[in-house]
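Here are my notes on the model, point by point. Please read them with the coordinates open.

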Amino acid sequence: MTFVSEGAKLSGPLAAGSEIGFAEPSMASVSDYIALLKPRVMSLVIFTALVGLAVAPGHLHPVTAFTALLCIAVGAGGSGALNMWYDADIDAIMTRTSRRPVPMGRVKPGEALAFGLTLSGFSVMTLGLLVNWVAGALLAFTIFFYVVIYTMWLKRSTPQNIVIGGAAGAFPPMIGWAAVTGDISLPSIVLFLIIFLWTPPHFWALALYKQGDYGAAGIPMLPNVAGEPATKLQILLYSIVLVATSFVPNFIGMSGWLYGLIAVVTGTSFLYYAWRLFRTRDALSMKKVARSLFTYSLSYLFVIFLALMVDHVGHLLGWVA
């Protein structure tokens with residue numbers, strides 16, 4: 001199987017002797033280092049971790065809970081910086097990422113690497129020492145999985161990169177849960193599964209309308225390798241399993257009718273977009289529908305997790321029967 005486009009050779013991070021590697025002097029600003037943290041991704045990580053922490057049985061002192069969330073956020077930022085360090089060669093090719101600090105030369109690769117390693121190590125040690133080592137170990141594994149398993153290996157080698165690599169983004173609520181309970185149990189695994197199953201349709205929808213970028217960079221995203229029909233079918237199948245899994249909290253006593261109602265409404269809308277995409281044949285219309293699904297999927301995940309937290313807090317306070 002060959003790629004649709006064979007772009008630049010992808011041998012890893014920018015070499016020390018590359019033009020970008022020798023951007024002198026460093027033009028890095030505070031905003032550049034904030035960009036290395038991938039703040040939009042970090043915000044989703046913080047939110048899902050907060051939900052895991054909020055719905056877990058038990059209680060954390062507010063200072064400890066804040067410390068846990070801060071460590072998870074810093075760990076996510078550190079892994080984001082390491083991702084930008086390693087992927088600077090392909091980031092420079094793709095329009096969506098070409099203006100990131102490293103390919104633009106404002107942050108040197110070595111600076112991004114040191115920044116990422118420092119944040120990652122600090123976050124893991126602090127979480128382990130001040131909260132508990134189960135949560136700390138989960139955070140360390142999450143960073144390792146995202147940087148080594150996904151970024152360095154899967155992303156450039158298999159069209160299943162998003163399926164397997166999606167586990168990295170699914171760990172934060174489990175880490176939040178472990179920060180409270182000190183263990184991993186079925187409800188936290190359900191939270192993990194919801195994000196894990198959400199990731200393929202979310203990113204494959206993006207890949208459908210950004211095929212040119214991924215093709216130019218030589219990244220084996222599913223549309224570039226298996227084609228659009230196969231990708232649309234996989235999106236539909238994963239969407240069905242995702243929506244079915246979103247009802248599991250009701251069956252295991254993790255949530256009540258409020259969450260169940262919201263899961264029905266949002267899940268039906270998700271399936272509508274996935275089905276509409278599957279049935280669309282015109283190339284221009286397909287890209288528009290794919291973009292609509294991608295945008296809606298962000299709202300879907302936020303609403304589902306917010307509903308879980310509101311339902312849980314509502315039951316504790318007696319607002320929800």
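1. Start with the aromatic cluster. F141, F145, F171, F192 and F196 form one such cluster. This is a predicted model, so please read every point below in that light. The count of aromatic pairs comes to 16. One of these pairs is W275 with F278. Its geometry is tilted, with 35° between the planes and 5.7 Å centre to centre.

2. Stay with W275 and F278. Both residues lie in helix 15, which spans residues 257-279. They sit 3 residues apart, about one turn of the helix. Is W275 buried, partly exposed or exposed? W275 has a relative accessible area of 45%. The buried class ends at 20% and the exposed class begins over 50%, so W275 counts as partly exposed.

3. Next, the partner of helix 15. Helix 13 covers residues 228-245, and its axis comes within 9 Å of the axis of helix 15. The two axes cross at roughly 165°. An angle over 145 degrees counts as roughly antiparallel, so helix 13 and helix 15 are roughly antiparallel to each other. Helix 13 passes helix 15 in a left-handed crossing. By class, the residues of this contact divide into 12 nonpolar, 2 polar and 1 charged.

4. Which residues of helix 13 and helix 15 meet? From helix 13 come K232, L233, I235, L236, S239, I240, L242 and V243. Opposite them in helix 15 are G267, F270, L271, A274, W275, L277 and F278. The tilted pair of W275 and F278 thus belongs to this list, as both residues meet helix 13.

5. L236 deserves its own look. This residue is found in helix 13. Its relative accessible area is 10%, and L236 is buried. Neighbours within four places in sequence aside, L236 is in contact with A274, W275 and F278. L236 and P223 are 13 residues apart in sequence. In space, their C-alpha atoms are 14 Å apart.

6. Now helix 6 and helix 9. Helix 6 runs over residues 133-157 and helix 9 over residues 172-181. They pack at an angle of about 165°, with axes 8 Å apart. That angle makes helix 6 roughly antiparallel to helix 9. The crossing of helix 6 past helix 9 is left-handed. Helix 6 contributes V134, A135, L138, L139 and T142. Helix 9 answers with M174, I175, A178 and A179. The contact has 8 nonpolar residues, 1 polar residue and no charged residues.

7. Compare helix 2 and helix 3. Their axes are 9 Å apart, and the packing angle is about 145°. Helix 2 passes helix 3 in a right-handed crossing. On the helix 2 side the contact holds M42, V45, I46, A49, L50 and L53. On the helix 3 side it holds A65, A68, L69, I72, A73, A76 and G77. These residues divide into 12 nonpolar, 1 polar and no charged.

8. S79 also belongs to helix 3, residues 62-86. Is S79 buried or exposed? Its relative accessibility is 8%, and the buried class covers values under 20%, so S79 counts as buried. Residues up to four places away in sequence are not counted here: S79 touches S120, I143, Y146 and V147.

9. Check the backbone at K38. This residue is not a glycine, yet it has a positive phi of about 50°. K38 is placed in the loop between helix 1 (30-36) and helix 2 (39-55). K38 is buried, with a relative accessible area of 13%.

10. Last, D32 in helix 1. At 5% relative accessibility, D32 counts as buried. What does D32 touch beyond its neighbours within four places in sequence? The contacts are M27, P101, R106 and V107. D32 and L53 are 21 residues apart in sequence, and their C-alpha atoms lie 30 Å apart in space. L53 appeared above, on the helix 2 side of the contact with helix 3.

Terms used
Residues are numbered from 1 along each chain as its sequence is written. This is a predicted model: local features need pLDDT of at least 70, side-chain atom pairs count only at pLDDT 80 or more; totals for chains, interfaces and linings use all residues. Side-chain values use heavy atoms; hydrogens and water are left out. Axes are lines fitted to C-alpha atoms, for helices over the stretch in contact, and angles run from 0 to 180 degrees between N-to-C directions. Helices (H or I, at least four residues) and strands (E, at least two) are DSSP runs, numbered from the N terminus. Angles under 35 degrees count as roughly parallel, over 145 as roughly antiparallel, 65 to 115 as roughly perpendicular and the rest as oblique. A crossing is left-handed if the near helix is turned anticlockwise from the far one by less than a right angle, and right-handed if clockwise. Contact means heavy atoms within 4.5 Å. Ala, Val, Leu, Ile, Met, Phe, Trp, Tyr, Cys and Pro count as nonpolar, Asp, Glu, Lys and Arg as charged, and the others, Gly among them, as polar. Rings of Phe, Tyr and Trp (its six-membered ring) pair if their centres lie within 6.5 Å; planes under 30 degrees apart count as stacked, over 60 as edge-to-face and the rest as tilted. Buried means under 20% relative accessible area, exposed over 50%, partly exposed in between (1.4 Å probe, protein chains only).
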